[in-house]
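Here are some notes to read with the model open beside you. They go place by place, so pick whichever spot interests you.

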Amino acid sequence: MTVDVLFIGAAGHIGAAVLQALKTKFPELPVAAIVRSHKDAQHLSDAYNENLTVIQGSLEECELLEAAASKARLIINCAPDVPYAEGIAALLRGLASHSSRAAPRFYIHTSGAARLWDPPNGDVEGRVWDDVADVDSLPASADATHAPTDMQVAAAASPSAGVHTAIISPCFVIGRSPSRAHAAPITFPHWMDVVRAVGGPFTVASGRNVTSFVDTEVLAGLYVRLVEDALRYVVGGVDAVPDENVWGARAYYFASTLELSMREFNDRYLVPALKRSAAAAWLKKEEATELSVDEVCKIVMGRFGDAAEAGLWSRHIAQGFGTSMRTRPTRATKYLGFPFGEGLPGLDAAVAAMLRKI
């Protein structure tokens, strides 16, 4: 399969799951993966010893990114977008400068539903956002997390120049990943720190805030479905212009397999998962402890220690537990026929992976 694929963030929780799903679907697809550390590079080389080239680098190395992107026909970026706007710009510049400018090129970007946050007081059920009906009214303020990079990617879409983009925006991701360092989702260690500290589940205030959750494996499948569509144009001989509902400035994808209030999530999912794990013998109570954002922030801060911007990130995470992020993933189902299913089948595995570390 002669297509140049550049993968960013392959060592992270979402990225490792996407790479595994991609290699399962397309084992002969050549991929160049950029990862930060030598350990991550070695891990990926050992796991995928064929059709995978590993490049050590980061989203802060713009020259490296632009050079690598200029050789790619498809870029999959599963790395965090904040605060890497310059690195994302370098990827998009490189893709636009590809020597085969008449050929279609594709960029899949990972965002997040923090762009939609309601006030994080734990008491607001929140508005429901649909990725088709509401795509033109998504918050566009520079203060809305993910909005600046979302708009940066959307603006780079240029069908006439052969550049096609898509944005995937999950809410709370729950599941097990093959990532060496991030087997559990990025917020899950902080979540479990608070649960361990109070001896059971917690909510911010009453926990009436409603959030969409998505299973890691299902989320990875959405990326693969988009890749499958892109390959139709890159190597499949399809001459038509890619569907503007699938690729382009409005190609925004929410991902959800479950929607519950945080209190309901504790009762129906988290507590049962903890009770099923022998490693959670410290579980003292099943009723949620109501906490303030400040109280959650103080506990979360412990994992950051003296790291730069520890206060900013710990508060951002704490607020995430008290806000509503309600999404409807209409686009993938309507235009790609993608089945999201229901529930969180990977929750027990995520809990087990996290409990081994605390």
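Before we start, a word on burial: a residue is buried at under 20% relative accessible area, exposed at over 50% and partly exposed in between, using a 1.4 Å probe and protein chains only. This is a predicted model, in which local features need pLDDT of at least 70 and side-chain atom pairs count only at pLDDT 80 or more, while totals for chains, interfaces and linings use all residues. Residues are numbered from 1 along each chain as its sequence is written, and side-chain values use heavy atoms, with hydrogens and water left out.

1. Start with Trp 191, which is buried because its relative accessible area is 1%. Its ring partner Phe 172 is buried too, with a relative accessible area of 6%. Rings of Phe, Tyr and Trp (its six-membered ring) pair if their centres lie within 6.5 Å; planes under 30 degrees apart make a stacked pair, over 60 an edge-to-face pair, and the rest are tilted. A search of the whole structure turns up 13 such aromatic pairs. In this one, the ring centres of Phe 172 and Trp 191 are 5.3 Å apart and the planes stand at 50°, so the pair is tilted. The two residues sit 19 apart along the chain, Phe 172 in strand E8 (residues 172-174) and Trp 191 in helix H6 (residues 188-198). Those labels come from DSSP runs numbered from the N terminus: helices are H or I with at least four residues, strands are E with at least two.

2. Now look at what else joins in. Ring pairs link Phe 172, Phe 188, Trp 191, Phe 202, Phe 213, Phe 265, Tyr 269 and Phe 321 into a cluster.

3. Phe 213 also turns up beside Ser 256. Ser 256 is in the loop between strand E11 (252-255) and strand E12 (258-261), and it counts as buried because its relative accessibility is 9%. Leaving out residues up to four places away in sequence, Ser 256 touches Ser 212, Phe 213, Val 214, Thr 327, Pro 329 and Phe 340; contact here means heavy atoms within 4.5 Å. The side chain of Ser 256 also reaches the backbone oxygen of Leu 258 at 3.4 Å. That is a polar contact, meaning a pair of N or O atoms within 3.5 Å; within protein, one must be able to donate a hydrogen and the other to accept it, and residues adjacent in sequence count only if both atoms are side-chain atoms.

4. Which backbone oxygen does the side chain of Arg 115 reach? It is that of Pro 139, at 2.6 Å. Arg 115 lies in the loop between strand E5 (105-110) and E6, and counts as buried at 8% relative accessibility. Among the residues it touches, beyond four places in sequence, are Ala 144, Thr 145, His 146, Asp 150 and Tyr 252.

5. Is Asp 143 buried or exposed? Asp 143 is exposed, with a relative accessible area of 74%, and it is found in the loop between E6 and H5. The C-alpha atoms of Asp 143 and Arg 115 are 8.9 Å apart, with their positions 28 residues apart along the chain.

6. Check a few backbone details as well. His 146, in the loop between strand E6 (128-130) and helix H5 (147-156), has a positive phi of about 80° although it is not a glycine. His 146 counts as buried, at 13% relative accessibility. Ala 205 is not a glycine either, yet has a positive phi of about 55°. Val 82 and Pro 83 are joined by a cis peptide bond, with omega about 5°; Pro 83 is in the loop between strand E4 (74-77) and helix H4 (85-96).

7. Finally, Leu 65 in helix H3 (residues 62-69) counts as buried at 0% relative accessibility. Residues touching Leu 65, beyond four places in sequence, include Ile 8, Ile 34, Leu 59 and Leu 91. Leu 65 and Ala 89 are 24 residues apart in sequence, and their C-alpha atoms are 9.3 Å apart in space.
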